[in-house]
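The following paragraphs go through one protein chain, beginning with a pocket and then turning to the fold and to single residues. Please keep the sequence and the model in view while reading.

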Amino acid sequence: MVAIDDVKKMMYDFYKINNIPYIESHANFVYYSMNTYKGDFAKELENRKILCSGINEEKGKWYRVTIGTENEMKQYMKAVSEIISK
């Protein structure tokens, strides 16, 4: 089983590669910004059976994703990749 810190590092690397701003966390979730995505990002994830909570900040659209298992997060990253490549 992969430790949560290893899964978070995998997520951070994914965000860096895709130029997605994020805030490192000591908890079991990560905040990230999809400010440059013009569509309804939460709806796009929901269409792929992935739930996230969105937070409208003064400086953009931020989302929170709870860290799951390695496989769950790989599914999440695949979905995000599909959405941002449209």
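Which residues line the largest pocket? In this predicted model, the lining consists of Ile-50, Leu-51, Cys-52, Arg-64, Val-65, Thr-66, Glu-72, Met-73, Gln-75 and Tyr-76. Two elements give two or more residues each to this lining, namely strand 4, residues 60–66, and helix 3, residues 70–84. Helix 3 provides the largest share, with four residues. Sorted by class, the lining holds six nonpolar, two polar and two charged residues. The volume of the largest pocket is about 170 Å³.

The pocket belongs to a chain with three helices and four strands. Along the sequence these elements follow the pattern α-β-β-α-β-β-α. The radius of gyration is 12 Å, close to the 12 Å that the globule rule gives for 86 residues, so the chain is as compact as a globular protein of that length. Along the principal axes, the C-alpha atoms occupy a box of roughly 35 × 25 × 20 Å. Of the contacts between residues at least 6 apart in sequence, 61% link residues that are at least 24 apart. Buried residues account for 37% of the 86 residues. The accessible surface amounts to about 5700 Å², and carbon and sulfur atoms contribute 51% of this surface.

Single residues can now be placed in this fold. Tyr-15 is part of helix 1. Is Tyr-15 buried or exposed? Its relative accessibility is 0%, so Tyr-15 counts as buried. Beyond its neighbours within four places in sequence, Tyr-15 has contacts with Ile-20, Tyr-22, Val-30, Tyr-32, Val-65 and Tyr-76. Among these contacts of Tyr-15 are Val-65 and Tyr-76, which also appear in the lining of the largest pocket. Tyr-15 and Val-80 are separated by 65 residues in sequence, while their C-alpha atoms are 9.9 Å apart in space.

The loop that runs between helix 1, residues 4–17, and strand 1, residues 22–23, contains Asn-19. Asn-19 counts as exposed because its relative accessibility is 66%, and the cut-off for that class is over 50%. The phi angle of Asn-19 is near 55°, a positive value in a residue other than glycine. From Asn-19 to Gly-39 there are 20 residues in sequence and 17 Å in space, C-alpha to C-alpha.

A positive phi angle is also found at Lys-49, a residue other than glycine, where the value is near 65°. Where does Lys-49 lie? Lys-49 sits in the loop between helix 2 and strand 3, the latter covering residues 53–57. With a relative accessible area of 77%, Lys-49 is exposed.

Helix 2, which spans residues 41–47, includes Glu-44. Why does Glu-44 count as buried? Its relative accessible area is 15%, and buried means under 20%. Setting aside residues up to four places away in sequence, Glu-44 touches Tyr-37, Ile-83 and Lys-86.

After the loop that holds Lys-49 comes strand 3, and Ser-53 belongs to that strand. Ser-53 has a relative accessible area of 34% and is partly exposed. Which residues does Ser-53 contact, leaving aside its neighbours within four places in sequence? The contacts are Trp-62, Tyr-63 and Arg-64. Trp-62, Tyr-63 and Arg-64 fall within the 60–66 range of strand 4. Ser-53 and Arg-64 are 11 residues apart along the chain, and 5.4 Å separates their C-alpha atoms. Arg-64 is itself one of the residues lining the largest pocket.

Between strand 4 and helix 3 is the loop with Thr-69. Thr-69 is partly exposed, at a relative accessible area of 40%. The C-alpha atom of Thr-69 is 15 Å from that of Ala-27, a residue 42 places away along the chain. The loop of Thr-69 connects strand 4 with helix 3, and these elements are the ones that give two or more residues to the pocket lining.

Methods. Residues numbered from 1 in each chain as written. Predicted model: local features only at pLDDT ≥ 70, side-chain atom pairs only at ≥ 80, totals over all residues. Heavy atoms only, no water. 1 Å grid on protein atoms, 1.4 Å probe; cavity = no way out; pocket = protein on both sides within 12 Å on 5 of 7 lines; lining within 4 Å. Points joined across faces, edges and corners; volume = space filled by probe spheres on them. Nonpolar A, V, L, I, M, F, W, Y, C, P; charged D, E, K, R; others polar. Buried < 20%, exposed > 50% of the residue type's maximum accessible area, 1.4 Å probe, protein only. Contact = heavy atoms within 4.5 Å. Rg over C-alpha atoms; globule rule 2.2 N^0.38 Å. Areas by Shrake-Rupley, 256 points an atom, 1.4 Å probe, with all protein chains shown as cover.
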